[in-house]
Amino acid sequence: MAKPPPSKPLLTTDKPVRSRPRKPRDPAQPNLPLDPMPDRIEPCLALLKPRPPKGRQWAFEVKWDGYRLAVHIERSGVRILTRGGHDWTGRFPAILAAAKRLPVSTAILDGEAVVFDEQGRSDFGRLQQSLGGRGGNRSSREAVMMAFDLLYFDGHDLMETEFTARRHLLEGLVPAGGEEAIRLSEEIEADGETLLRIACEHGLEGIIAKDRNSTYRSGRGGEWLKIKCIQSDGFVIVGYQRSSAAFGNIGALLLAARKGDELVYVGSVGTGFKADEAMKLRAAMDKIKATKPAVKYFGGRKNLIWIKPKLIAEIEYRAWTHDGKLRHASYKGLRDTADDAAILELL
């Protein structure tokens, strides 16, 4: 059998063939196959609306009442950041442990830390107590993160990806029905009006609507909407009325909202206080007493103590009076500065 002819070189040249010297890779190069992980992402916030939107483009979830969190899973470890960008990794040990068990090398999950009551409803007051109250430094082992978005996944930035695709990847990472400390905030297939009615009947805070085709945009741009059963917002405490018959001697808190660059008095709240919380609140207010009110006040209350407008209270209320005061208000707790709490803006 004849031998095959010897192969000829593909390149014929008198000079030796050498490749060009390689340039060092620029880590900021935009066309790298893997996207750099951002240190922090400003969260997408839901815009308050009175009624649910209509149309197949909207996906609906339960509105959770807790602290907004971003869980950063990196090769070097896990970081848990609050809405205001504070590192609270050590304050949520159960969420931290659950994040380390997720089958992913790098990711950023967006969600809400909550503590449930006996009926399975998120309870903001219980979450605060588990953390030692506002300004406390206790770790909460009861807190669970309800994950509702995935912003970075295995080296890829997903913020310009439509919500439906981000949701699909999240469901593969955090399956529905789990009992871990990181759980999926499940999408509910229902008409918005029907879901809101059911949520209110079960004592939930409300629902969230999300545009299925939207990308992830920081701020309150309208891609996400919130519809509440009971109104709940942040108000500045500008003073309190002393009462020897009330917890912490707090007969009522005097509240203000923003209107332009000013604070405007919007009424008072005298219910919802628990004994231990009232004592801590009173101690916090007594450290920031003021000689004059931060708002124009025309009420006829006696025994008023004015304070500097530094504390933000979460207040539930049913409606507004004709003269712009809160009706049927109830105190829910103090918002922590790490939660980057927003003060209600009056139109």
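Helix 1, which spans residues 93-101, has as its buried residues Pro-93, Ile-95, Leu-96, Ala-98 and Ala-99. In this predicted model, those buried residues of helix 1 pack against a set of strands, namely strand 3 (67-74), strand 4 (77-82), strand 5 (107-114), strand 6 (144-153) and strand 8 (182-184). As background for reading such a list of positions, an α-helix has 3.6 residues a turn, so residues three or four places apart point the same way.

The setting of this helix is a chain whose secondary structure comes to five helices and 17 strands. Of the 347 residues in the chain, 46% are buried, and the accessible surface comes to about 19400 Å², with carbon and sulfur atoms accounting for 51% of that surface. When contacts in the chain between residues at least 6 apart in sequence are considered, 68% of them join residues at least 24 apart.

A covalent link can be followed next. The structure holds one disulfide, formed by Cys-200 and Cys-229, whose sulfur atoms lie 2.1 Å apart. This pair links distant parts of the chain, since Cys-200 belongs to helix 4 (residues 192-201) while Cys-229 sits in the loop between strand 10 (224-228) and strand 11, the two cysteines being 29 residues apart. The angle about the S-S bond is -95°, and the link of Cys-200 and Cys-229 is left-handed. As for their surroundings, Cys-200 counts as partly exposed because its relative accessibility is 33%, and Cys-229 is likewise partly exposed, with a relative accessible area of 24%. Another cysteine, Cys-44, counts as buried because its relative accessibility is 1%.

Strand 11, which covers residues 231-242, contains Asp-233, and the environment of this acidic side chain deserves a separate look. Asp-233 is buried and yet has no salt bridge, the nearest side chain of opposite charge being that of Lys-228, 4.0 Å away. What does the side chain of Asp-233 make a polar contact with? The partner is the side chain of Tyr-317, at 2.5 Å. Leaving aside residues up to four places away in sequence, Asp-233 touches Lys-228, Ala-313, Glu-314, Ile-315, Tyr-317 and Leu-344. Lys-228 and Tyr-317 thus appear both among the residues that Asp-233 touches and in the description of its side chain, Lys-228 as the nearest side chain of opposite charge and Tyr-317 as a partner in a polar contact.

Technical notes: Residues are numbered from 1 along each chain as its sequence is written. This is a predicted model: local features need pLDDT of at least 70, side-chain atom pairs count only at pLDDT 80 or more; totals for chains, interfaces and linings use all residues. Side-chain values use heavy atoms; hydrogens and water are left out. Helices (H or I, at least four residues) and strands (E, at least two) are DSSP runs, numbered from the N terminus. Buried means under 20% relative accessible area, exposed over 50%, partly exposed in between (1.4 Å probe, protein chains only). Contact means heavy atoms within 4.5 Å. Accessible areas come from the Shrake-Rupley method with a 1.4 Å probe; for residues, only the protein chains shown count as cover. Lys and Arg count as positive and Asp and Glu as negative; His and the chain ends are not counted. A polar contact is a pair of N or O atoms within 3.5 Å; within protein, one must be able to donate a hydrogen and the other to accept it, and residues adjacent in sequence count only if both atoms are side-chain atoms. A disulfide is a pair of cysteine sulfur atoms within 2.5 Å.
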